[in-house]
Amino acid sequence: MLVQDLLHKFFDAALEFIAVGIYVSSIYTAGLLLPGVISAFVLLGPTSAVPWVAGALFAILTFTPLPLCTGRFSERFIQFSCRRAAAYFPLSVVCEDAGAFLSDHGYVFGFCPHSALPVALPAAFATNSQLLPKALRGRTHGLASSVCFQVPIVRQLYWWLGVRPATRSVMQQLLAQRRVAVLVPGGVKEVLKMEHGIEVAYLSTRKGFVRIAVQCGAPIVPVWAFGQTRAYSWVRPGPPLVPSWLVARISRMFGAVPIYMFGAYGTSMPHRERIMVVIGRPIPVQQMDDPPEEVVSELLRKFMDDLQVLYDKHKDQYGRGEELRIF
């Protein structure tokens with residue numbers, strides 16, 4: 001009986017790693033692929049079959065059109081992964097006013113915070129997520145930096161989840177199709193502003209997503225993921241060892257902050273922290289092809305105010321009462 005229990009726990013842990021930890025593991029694995037291929041050529045020589053096979057695999061994973069990588073297997077894997085991920089933390093979604101969302105309208109969701117990794121976004125807002133209100137199911141797409149879709153393995157996983165490149169044209173196309181674009185407005189800048197022990201949102205200059213929402217006539221929705229900042233521990237280079245300007249320049253160059261993050265027992269598995277994603281009420285938007293700057297600024301201010309209210313309303317129930325600092 002003891003052996004059976006141990007096998008069951010081992011099997012369950014393996015499933016959890018496949019479902020949850022693979023997303024972070026894929027980032028580190030992808031970063032080692034190209035150096036590994038080059039090292040294989042140097043160490044084994046061009047006459048060996050190993051570096052050529054590794055190079056071919058790298059090329060296939062990097063350049064194969066993503067729609068060709070999608071099929072029944074990938075859909076089943078993502079369904080399984082999202083279910084396990086939601087159970088692992090556990091992760092839940094609370095919608096303040098589910099009746100305010102219409103199935104024939106596009107929406108722009110401003111997901112906060114970015115934290116070390118917005119791990120709640122793919123689990124809660126995958127296209128086939130069952131955690132969402134019925135009016136939103138089957139049409140949500142997270143948006144991620146375009147650099148993610150140039151990285152083998154990562155690009156496949158993100159595409160299967162329904163994540164798309166965070167570009168103006170992609171966002172406009174999704175909204176024209178009356179879909180839901182879920183983006184993290186703070187992005188790289190927010191990661192540079194993160195501090196231990198407080199919640200951070202970088203929004204004051206993020207007018208681009210608001211302008212696109214107005215041009216498409218899509219309501220803007222504040223979203224906060226309580227507990228996400230505790231899912232991963234992180235270490236970010238900085239003073240006195242590394243100048244802040246150098247870290248910022250590297251981040252702009254690569255579209256990602258050079259941050260080291262780790263989870264349970266120093267692995268890629270997130271810490272088992274409860275995550276509660278709270279969806280606020282839509283902010284109405286009047287469609288304008290060329291919105292004046294004051295209209296965009298006012299809507300951004302409204303979004304920031306509503307986000308603060310949303311956070312303050314739920315922080316005692318779902319968070320740990322940390323201060324929210326909006327830059």
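A residue is called buried here when its relative accessible area is under 20%, and exposed when that area is over 50%. By this criterion, six residues of helix H5 are buried, namely Val 154, Arg 155, Gln 156, Leu 157, Tyr 158 and Leu 161. Since six of the eight residues of H5 are buried, this helix is largely enclosed by the rest of the structure. Directly after H5, Gly 162 adopts a positive phi of about 95°. The model described here is a predicted one.

It helps to place H5 in its wider setting. The chain has 327 residues, of which 47% count as buried, and it holds 10 helices and 11 strands. Among contacts between residues at least 6 apart in sequence, 79% join residues at least 24 apart.

One helix pair illustrates such packing in some detail. Helix H3 (residues 72–88) and helix H5 (residues 154–161) have axes that come within 9 Å and cross at roughly 80°. Crossing angles from 65 to 115 degrees count as roughly perpendicular, and H3 and H5 are therefore roughly perpendicular to each other. On the H3 side, the contact is made by Ser 74, Phe 77, Ile 78 and Cys 82, while H5 contributes Leu 157, Trp 160 and Leu 161. Sorted by class, the contact of H3 with H5 comprises six nonpolar residues and one polar residue, with no charged residues. Two of the H5 contributors, Leu 157 and Leu 161, also belong to the buried set of that helix.

Two further residues of H3 deserve a look. Ser 81 is found in H3 and is buried, with a relative accessible area of 1%. Its C-alpha atom is 9.7 Å from that of Leu 161, although Ser 81 and Leu 161 are 80 residues apart in sequence. Ala 85, also found in helix H3, has a relative accessibility of 7% and so counts as buried. The C-alpha atoms of Ala 85 and Pro 122 are separated by 9.5 Å, with these positions 37 residues apart along the chain.

Helix H2 (residues 49–63) offers a picture of a helix with a buried face. The 15 residues of H2 should span 21 Å at 1.5 Å a residue, and the end C-alpha atoms are 21 Å apart, so the expected and modelled spans agree. Its buried residues are Pro 51, Phe 58 and Thr 62. Viewed down the axis of H2, these buried residues fall within an arc of 25°, so they line one face of the helix. The other side of H2 carries the exposed residues Ala 49, Trp 52, Val 53 and Ile 60.

Helix H8 (residues 208–216) adds another set of buried residues: Phe 209, Val 210, Ile 212, Ala 213, Val 214 and Gln 215. The buried residues of H8 pack against both strands and helices, with S2, S5 and strand S7 (220–226) on the one hand, and H6 and helix H10 (293–318) on the other. Just after H8, Gly 217 has a positive phi of about 65°.

The backbone also has some notable local features in its loops. Phe 89 and Pro 90 are joined by a cis peptide bond, with omega of about -5°, and Pro 90 sits in the loop between H3 and strand S1 (91–95). A cis bond also runs from Cys 112 to Pro 113, where omega is near -5°. Pro 113 lies in the loop between strand S2 (107–112) and helix H4 (120–125).

That loop between S2 and H4 is also the place of Ser 115. Ser 115 is not a glycine, yet it has a positive phi of about 55°. With a relative accessible area of 2%, Ser 115 is buried. A positive phi, near 60°, is likewise found at Arg 178, a residue other than glycine. Arg 178 is located in the loop between helix H6 (168–176) and strand S5 (180–183). Is Arg 178 buried or partly exposed? At 48% relative accessibility, Arg 178 counts as partly exposed.

Technical notes
Residues numbered from 1 in each chain as written. Predicted model: local features only at pLDDT ≥ 70, side-chain atom pairs only at ≥ 80, totals over all residues. Heavy atoms only, no water. Axes fitted to C-alpha atoms, helices over the stretch in contact; angles between N-to-C directions. Helix = DSSP H or I, 4+ residues; strand = E, 2+ residues; numbered from the N terminus. Parallel < 35°, antiparallel > 145°, perpendicular 65-115°, else oblique. Contact = heavy atoms within 4.5 Å. Nonpolar A, V, L, I, M, F, W, Y, C, P; charged D, E, K, R; others polar. Expected span 1.5 Å × (residues − 1). Buried < 20%, exposed > 50% of the residue type's maximum accessible area, 1.4 Å probe, protein only. Arc of directions from axis to C-beta.
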